[in-house]
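Student: I'd like a close look at one part of this protein: the inside. Please take me through it slowly, with the cut-offs behind each term.

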Amino acid sequence: MPKQLFPRSPILAGDNVEAKREEIREYFHATLDRYEQLFETLRDGEAYYKKPISLRHPLIFYLGHTSTFFTNKLLLAGLITERIDPRLESMFAVGVDEMSWDDLNTTHYDWPLIEEVRLYRTKIRDIVDRLIREIPLTLPIGWDSPWWTIVMGIEHERIHLETSSVLIRQHALEYVIPHPAWEPYRKTGQAPENQLIDISEGTVHLGKNKSDPVFGWDNEYGSHVAEVAAFQAGKYLVSNQEFLGFVQANGYGAENYWEEEGRAWRRHVRAEHPVFWVRQGSQWRLRLMTKEISMPWDWPVEVNYHEAKAFCNWKAAESGLSYRLPTEDEWYRLYDVAALSEVPRAEPAPANIHLDHCASSHPVNEFPQGEFYDIVGNVWQWTETPIYPFEGFDVHPHYDDFSAPTFDGRHNLMKGGSWISCGNESLKSARYAFRRHFFQHAGFRYVVANAAPSIQQGSQYETDKLLSEYAEFHYGDTYFGVPNFPKTLAELAVAAMGDKPQHKALDLGCASGRATFELARHFDEVTGIDFSARFIGQGVQLADQGRLRYTLTDEGELVSYKERTLSGLGLDSVKHKVAFFQGDACNLKPLFAGYDLILAANLIDRLYDPSKLLTTIQTRLNPGGVLLIASPYTWLEEHTKREAWVGGFKRDGESFGTLDGLKEMLGKYFRLIQGPREVPFIIRETRRKFQHTISEVTIWERVA
């Protein structure tokens with residue numbers, strides 16, 4: 001009897017609503033059945049409560065986690081209105097994404113009984129089954145549909161089917177037992193000799209839009225197009241036999257083969273060989289999920305990123321060729337060259353994937369795909385690419401921390417899937433990333449390329465609260481109908497110029513740089529200067545990379561994720577005209593001179609000695625040039641010593657305002673041509689707290 005296929009991720013479109021309802025219901029139950037069957041490989045109750053590795057929770061957590069995920073997401077979607085068991089839903093809510101290999105989880109939990117968790121799973125299964133049978137269904141199911149959240153819960157369970165299988169594989173053998181549904185492959189032979197195959201240059205198109213009829217995680221959406229230079233790639237995944245050469249060459253003891261992070265990991269865990277290799281006298285054995293077997297040398301080696309990278313560095317040193325791991329773009333180029341397509345829906349995959357074959361790897365020369373083997377399937381393949389958001393990335397509101405926290409440069413993408421990668425994990429569009437010390441059913445394929453790997457930069461979200469607030473102040477939304485402040489000032493300044501020359505402008509105290517870019521719409525050259533390198537870093541990032549990402553505090557520890565692009569602001573065409581510098585407005589370098597316009601926004605009441613600027617600023621400005629000063633006149637001794645204030649005090653018994661001081665200091669060289677006028681601005685602190693401030697604007701013309 002042919003093996004029954006594990007159901008594929010459903011197409012979320014069609015004409016027959018009831019048939020689609022039943023397809024999703026079958027997908028749901030098959031997924032939960034298979035997940036619960038995985039836990040049948042645990043020998044006894046003790047196996048649920050012993051940690052397989054110190055960095056993760058015991059397996060009782062993962063039995064409960066996927067069900068409480070359903071509850072939490074169904075509440076967000078409004079499909080249920082009450083919790084089932086608040087204690088369990090809190091305890092099982094969040095897993096462990098350890099920051100480092102030495103980040104031990106020492107929290108003590110009073111874990112519930114196994115039967116209590118199983119009873120909870122039964123309750124959730126019944127609730128979701130009822131929802132699938134009864135709630136209204138409109139096709140296609142889109143990103144905003146409550147049905148999307150139901151499918152999200154199913155796909156989440158499939159992710160943990162794989163990650164839990166890895167934890168079971170890392171459990172002590174005394175805690176696991178063989179199981180007929182999880183039998184490994186039995187064939188092994190001599191490992192083939194790897195060889196390099198030429199890949200011509202080409203273009204890859206990544207990302208999908210929300211009309212795609214199959215469920216996807218948020219990081220898959222958007223657009224990325226890349227030109228991939230010609231390279232060579234290994235015909236096979238690196239086998240245990242090929243990796244043995246690195247082990248025998250003392251690769252684990254040679255510091256020069258390891259990157260800095262990899263060296264620290266190797267020293268901490270005292271690694272001498274791959275984690276799933278077991279030395280028995282002079283022989284090697286391989287730990288599988290429920291048993292150890294004699295080493296199948298023709299199966300793919302399974303290692304973390306650090307080990308894969310060290311192997312490539314060793315091979316490069318031995319051969320003189322530029323061996324390295326592929327980038328995500330290069331993997332997609334391999335996929336295209338091999339003329340691959342998605343896992344078939346009604347027949348076994350021509351790859352070791354989606355549980356279509358056995359519960360383990362197969363030999364590296366068993367699944368041909370074009371000129372290669374295992375571009376897809378067998379084991380995940382590490383890449384050089386830290387995960388990053390595509391242009392147009394958007395966070396799904398019901399799982400806002402699935403991807404965004406991983407855009408930190410520390411989570412590298414793996415491609416291709418393993419023997420147990422199912423549902424969304426098996427799709428071409430799948431994008432999963434793990435910390436580089438993490439173990440999965442993952443190995444690697446090497447490439448040889450003269451071009452350095454193209455790594456996406458600027459993917460991280462700025463989380464410093466002040467910097468994020470200023471990013472939103474300069475580039476974000478408008479609030480309460482108050483126009484963007486830096487843009488408004490730039491427009492006022494340009495209007496005041498009239499028919500005066502517009503060659504060079506200075507944005508002094510530019511902060512995050514919005515006015516600098518806005519002035520570049522009209523001027524040939526614009527300089528942005530700020531005392532804070534961290535602020536101008538945002539402008540530099542936008543000029544260099546075209547996008548800025550940051551988090552905004554909503555309430556307490558809750559945040560939302562924002563992205564702004566120069567192209568979206570209509571400023572991409574002027575970025576070549578701006579330059580940002582760190583500088584002290586009270587002590588500017590001589591080269592900052594010859595300007596037709598100087599804009600000084602919310603600056604003078606933050607200077608340690610504003611008179612140093614105001615009494616010399618004419619030397620920076622061409623005759624007839626324009627100076628715009630904006631300030632709320634918030635004089636504070638923490639910024640400016642009292643005797644240096646320009647105004648805001650009594651003098652000779654009379655009130656002496658800042659405008660009086662400006663007229664006094666600027667009067668010899670400037671005349672006031674516009675103002676004073678009040679211009680408001682809003683700074684968002686949280687979703688419900690905002691600063692509303694009025695800045696007084698005066699515009700001056702240099703007359704001497």
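Tutor: Here is a walk through the inside, from the whole chain down to single side chains and a cavity. One thing up front: this is a predicted model, so local features need pLDDT of at least 70 and side-chain atom pairs count only at pLDDT 80 or more, while totals for chains, interfaces and linings use all residues. Residues are numbered from 1 along each chain as its sequence is written, and side-chain values use heavy atoms, with hydrogens and water left out.

First, the overall frame. The protein chain has 16 helices and 26 strands; these are DSSP runs numbered from the N terminus, helices being H or I over at least four residues and strands E over at least two. Its C-alpha trace spans about 100 × 65 × 50 Å along the principal axes. Of the 704 residues, 59% count as buried, meaning under 20% relative accessible area (exposed is over 50%, partly exposed in between, with a 1.4 Å probe and protein chains only). Contact here means heavy atoms within 4.5 Å. Among contacts with a separation of 6 or more, 77% are between residues 24 or more positions apart.

Now the greasy part. A nonpolar core is a set of buried Ala, Val, Leu, Ile, Met, Phe, Trp, Tyr and Cys residues joined through side-chain atoms within 4.5 Å. The largest such core holds 107 residues, and I150, F243 and F444 touch the most other members. Helix α6 (residues 146-170) is the top contributor to this core, with 10 residues. Setting aside neighbours within four places in sequence, I150 is in contact with F70, L74, L79, V128, L131, I132 and I135. A second core lies apart from that one and has 41 residues, including F523, L548, V574 and I699.

Helix α1 packs against α6 too: the buried residues of α1 sit against α3 (59-76), α5 (114-134) and α6. Among those buried residues are I24, F28, L32 and L38, but also K20, R21 and R34. The 22 residues of α1 (residues 17-38) should span 32 Å at 1.5 Å a residue, and the end C-alpha atoms are indeed 32 Å apart; the expected span is 1.5 Å times one less than the number of residues. At the N-terminal end, N16 caps α1, with a side-chain oxygen 3.3 Å from the backbone nitrogen of E18.

Charged and polar residues get buried as well. R436 sits in the loop between β13 (432-435) and β14 (442-443), and counts as buried because its relative accessible area is 12%. The R436 side chain makes polar contacts with the side chains of E261, at 3.0 Å, and N412, at 2.7 Å. A polar contact is a pair of N or O atoms within 3.5 Å; within protein, one must be able to donate a hydrogen and the other to accept it, and residues adjacent in sequence count only if both atoms are side-chain atoms. Beyond four places in sequence, R436 also touches other residues, including Y305, H306 and W382.

Q369, in strand β9 (residues 368-369), is buried too, because its relative accessibility is 5%. A polar atom of the Q369 side chain lies 3.0 Å from the backbone nitrogen of V376. Leaving out residues up to four places away, Q369 touches A338, L340, P350, A351, D374, I375 and V376.

Finally, strand β25 (residues 670-686), where E685 is found. E685 counts as buried because its relative accessibility is 17%, and E685 is in contact with K465, E469, T553, F690 and Q691, leaving aside neighbours within four places in sequence. β25 also gives the most residues, 4, to the lining of the largest cavity. On a 1 Å grid over the protein atoms alone, a cavity is a set of points where a 1.4 Å probe fits but cannot get out, and lining residues have an atom within 4 Å of a point. Points are joined across faces, edges and corners, and a volume is the space filled by probe spheres set on them. The structure has 5 cavities of 30 Å³ or more, and the largest is about 110 Å³. Of its 13 lining residues, F473, D477, T478, Y479 and I682 are the closest to the centre.

Key: On a 1 Å grid over the protein atoms alone, a cavity is a set of points where a 1.4 Å probe fits but cannot get out, and a pocket is an open set with protein on both sides within 12 Å along at least five of seven lines; lining residues have an atom within 4 Å of a point.
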